[in-house]
Amino acid sequence: MTISKRAFGTLCDGTQVSCWTLTNENGMMAEVLDYGVTIRSIIVPDKNGNPVDVVLGYDTLEEYVSDDCYLGATIGRFANRIKGSSFELNGKTYELFANNGANHLHGGKRGFNGYVWDVAQAGDALVFSRVSADGEEGYPGNLTIRVTVGWKANSLSIAYEAETDQDTIVNFTNHSYFNLNGAGNGTVNQHMMEIKADSYTLNGEDCTPTGEIIPVVGSAMDFRTMKPIGQDADNDEPCVKPFDGYDSNFVISGHPIATTVGDQTGITMITDTDQPGVQLYTANAMTERKGKDGKDYGFRSAFCLETQHYPDSIHHLQWPTCILRAGETFRSFTTYTFL
Ligand code: BGC
């Protein structure tokens, strides 16, 4: 396991951004920017032993700053949507920034992805940390958060830890866009995927949950047996049609939560987490653009498996709680294992 660091760019306020490279004992490599704790690349061998970069990313810092897709970024304070951009906690109403129609998405105007984090090396891993101040984006409480990234054998592990001095809400995820055939190498429609979920949270047309939990059986959301990602993505069903593909939260019912195989490379990724939900998003809103090394990215050119609390769970108190109480420590993890 080796860790190295290089300069990646400078923000307009003069802050230097670094790109950290973590290489495991089998030569698998991950690059992480301290800007947004952003995974820029993950390079793993294909079935013939050739290295393949399986996540989408950009060549320059400027492209990350102006990115509208959260490529590879750490999302907080609250991943996914909060309906109506406000919530009530302990009898007080908190107003958030509406950046997705009337709703709040991925932490708001300047989410955790828009900050340069402190970095410390801890053994084989990197610990990225920052304090999200009381009132940042409208959320209560000074929140101290640490995101630890490292390889454990062939698993890239992301662990989140947070404490607050006032009751608040949290939902952290990583927004990597995977293409196991190689970033920029076509769509992921033919990737094979299995998700261990018997049900999902039904979304309304604004992509926020209605509150209903629906069995996946007989719907496009049924990934209990491996199938091509694109097989049912264009069905005329309320779980895919309004979103031009997958953009919904699965209620996890087994572990590891998902297995995905690149049909051309044979690269297999096994995803696991201790979180109750995972959003499958198939880059439906990604407009055509150039990515790393001038490669073409666009509609369906990747999939995201965003491990999370159920979206908008502060408005559905019967669901696993997203409330972090003052003095408590929140902990969660996500692992991506490559075979
Ligand atoms: C959301 C999508 C959104 C995408 C990029 C996903 O997590 O669920 O609706 O378009 O992130 O912002």
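Start your tour by selecting asparagine 80, which is found in the loop between E6 and E7. You are looking at a predicted model, so keep that in mind at each stop. Check the backbone here: phi of asparagine 80 is near 70°, a positive value in a residue other than glycine.

Stay in this loop and select arginine 77, placed between strand E6 (73-75) and strand E7 (81-82). What kind of peptide bond joins glycine 76 and arginine 77? It is a cis bond, with omega at about 0°.

Now for another cis bond. Select histidine 255 and proline 256: the peptide bond joining them is cis, with omega at about -10°. To get your bearings, find strand E21 (247-252) and strand E22 (258-261), since proline 256 lies in the loop between them.

**Into the largest pocket**

Next, bring the ligand into view. Where does the ligand sit? Its place is the largest pocket, which has a volume of about 950 Å³. Of the 42 residues lining this pocket, select the ones closest to its centre: Asp67, Asp68, Cys69, Tyr70 and Asn113.

Then colour helix H1 (61-65) and strand E24 (277-281), each of which supplies at least two residues of the lining of the largest pocket. H1 gives the most to this lining, with four residues. If you colour by class, the lining of the largest pocket shows 18 nonpolar, 13 polar and 11 charged residues.

**Around the ligand**

Which residues surround the ligand? Select Tyr70, Arg81, His106, His175, Tyr177, Asp247, Gln279, Tyr281 and Glu306 to see this shell. Tyr70 may look familiar, as it is also among the residues closest to the centre of the largest pocket. By class, the shell around the ligand has three nonpolar, three polar and three charged residues.

Zoom in on some polar side chains here, taking one residue at a time:

- Glutamate 306: a polar side-chain atom lies 2.5 Å from an oxygen atom of the ligand.
- Histidine 106: an N or O atom in the side chain is 2.9 Å from an oxygen atom of the ligand.
- Tyrosine 281: a polar side-chain atom lies 3.4 Å from an oxygen atom of the ligand.

Switch to a surface view for a moment. How much of the ligand's accessible area does the protein cover? On its own the ligand has 310 Å² of accessible area, and the protein covers 92% of that.

**The second largest pocket**

For the last stop, move to the second largest pocket, which has a volume of about 180 Å³. It is lined by 15 residues, and the closest to its centre are Asp53, Ala183, Lys292, Asp293 and Lys295. Select those five to mark the spot.

Which strands each supply at least two residues of the lining of the second largest pocket? They are strand E3 (29-33) and strand E4 (38-45). E4 gives the most, with three residues. Colour this lining by class and you will find four nonpolar, four polar and seven charged residues around the second largest pocket.

Notes. Residues numbered from 1 in each chain as written. Predicted model: local features only at pLDDT ≥ 70, side-chain atom pairs only at ≥ 80, totals over all residues. Heavy atoms only, no water. 1 Å grid on protein atoms, 1.4 Å probe; cavity = no way out; pocket = protein on both sides within 12 Å on 5 of 7 lines; lining within 4 Å. Points joined across faces, edges and corners; volume = space filled by probe spheres on them. Nonpolar A, V, L, I, M, F, W, Y, C, P; charged D, E, K, R; others polar. Near = heavy atom within 4 Å. Polar contact = N/O pair within 3.5 Å; in protein donor to acceptor, adjacent residues only side chain to side chain. Areas by Shrake-Rupley, 256 points an atom, 1.4 Å probe, with all protein chains shown as cover. Sits in = over half its atoms within 2 Å of the grid points.
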